Amino acid sequence: MSADELPDRGEIFDLLSNHRRRYTIHFCKQQGETVTVSDLAEQVAAWELDKEIAEIDSAERKRVYTSLQQTHLPTLDDAGMVVYENGEVTLTEQAERMEVYMDIVPGDSIPWGEYYLGLSVIGALVLAGVWFEVLPTETVPEVGWAFAVLMLFAGSAAYHVYQGRQNRLGEMERPP
């Protein structure tokens, strides 16, 4: 695979299915530079155990370190997401470009596709209301109703973009 090619969708979903690999990408993005496996293992262990790094003992750190070193970092390196050599990990351009697969929906939210479907239904109801003269067009002209629906979509899309950028790997305090 060339440096410009992303793995196929199945491979990306497989890579991201493991929390230690997601945590690795998240931590590398947060740091913005090459990280050591030791620092990575400490942070991953802290996230897994919901502890501060200073509270992690050597057994907890070693368990994560071994798993990263033997399994997860070679897997990410083989997929071209990181360069792993000499005890250091560097994120590649491929990892930066795979954000399209990380549409994160918070637990208290509905998926954006369903949200936009609902907006479309509202838009269709407003159009039908104007068409069948159920909605008042004397106080709000037809173009006003169209503008209101357009602003609803535009505001929703702007918020969607904002939230999507906030929920990217490396942007939040804790990884998803």
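**Helix packing, questions and answers**

Me: Which residues of α2 meet α4?
Reply: Arg-20, Arg-21, Thr-24 and Ile-25 in α2 meet Arg-63, Val-64, Ser-67, Leu-68, His-72, Leu-73, Thr-75 and Leu-76 in α4. Contact here means heavy atoms within 4.5 Å. Helices are DSSP runs of H or I with at least four residues, strands are runs of E with at least two, and both are numbered from the N terminus. Please keep in mind that this is a predicted model, where local features need pLDDT of at least 70, side-chain atom pairs count only at pLDDT 80 or more, and totals for chains, interfaces and linings use all residues. Residues are numbered from 1 along each chain as its sequence is written, and side-chain values use heavy atoms, with hydrogens and water left out.

Me: Why is α2 called roughly perpendicular to α4?
Reply: Helix α2 (residues 19-31) and helix α4 (residues 58-78) pack at about 80 degrees, and their axes are 10 Å apart. Angles of 65 to 115 degrees count as roughly perpendicular, under 35 as roughly parallel, over 145 as roughly antiparallel, and the rest as oblique. The angle of α2 to α4 therefore earns the word perpendicular. The axes are lines fitted to C-alpha atoms, for helices over the stretch in contact, and angles run from 0 to 180 degrees between N-to-C directions.

Me: How do you know that Leu-68 is buried?
Reply: Leu-68 lies in helix α4. Its relative accessible area is 0%, so Leu-68 counts as buried. The cut-offs are under 20% for buried, over 50% for exposed and partly exposed in between, with a 1.4 Å probe and protein chains only. Leaving aside neighbours within four places in sequence, Leu-68 is in contact with Arg-20, Thr-24, Leu-40, Ala-41, Val-44, Leu-73 and Pro-74.

Me: And what makes Leu-76 buried?
Reply: Leu-76, also in helix α4, has a relative accessible area of 0%, so the word buried fits. Among its contacts outside four places in sequence are Leu-15, Arg-21 and Met-81. Leu-76 and Leu-15 are 61 residues apart in sequence and 7.2 Å apart in space, C-alpha to C-alpha.

Me: How do you know that the span of helix α6 agrees with what is expected?
Reply: The expected span is 1.5 Å times one less than the number of residues. For the 20 residues of α6 (residues 112-131) that gives 28 Å, and the end C-alpha atoms are 28 Å apart, so the two agree.

Me: What makes the buried residues of α6 lie on the same side?
Reply: In α6, Trp-112, Tyr-116, Leu-119, Gly-123, Val-126, Gly-129 and Val-130 are buried. They cover an arc of only 135 degrees around the axis, so they are on the same side of α6. The arc is that of the directions from the helix axis to the C-beta atoms. On the other side of α6, Gly-113, Glu-114, Leu-117, Leu-125 and Trp-131 are exposed. What covers the buried residues includes α7 (142-166).

Me: Why are α6 and α7 called roughly antiparallel?
Reply: Their packing angle is about 175 degrees, with the axes 10 Å apart. That puts α6 and α7 in the antiparallel class, so the name applies. Among the residues making the contact are Tyr-115 and Ile-122 of α6 and Trp-145 and Phe-153 of α7.

Me: Which residues does UniProt list as "transmembrane region"?
Reply: The unreviewed UniProt entry lists residues 115-132 and 144-162; such annotations may be inferred rather than shown by experiment. In the model, residues 115-132 are 94% helix and 0% strand, while residues 144-162 are 100% helix and 0% strand.
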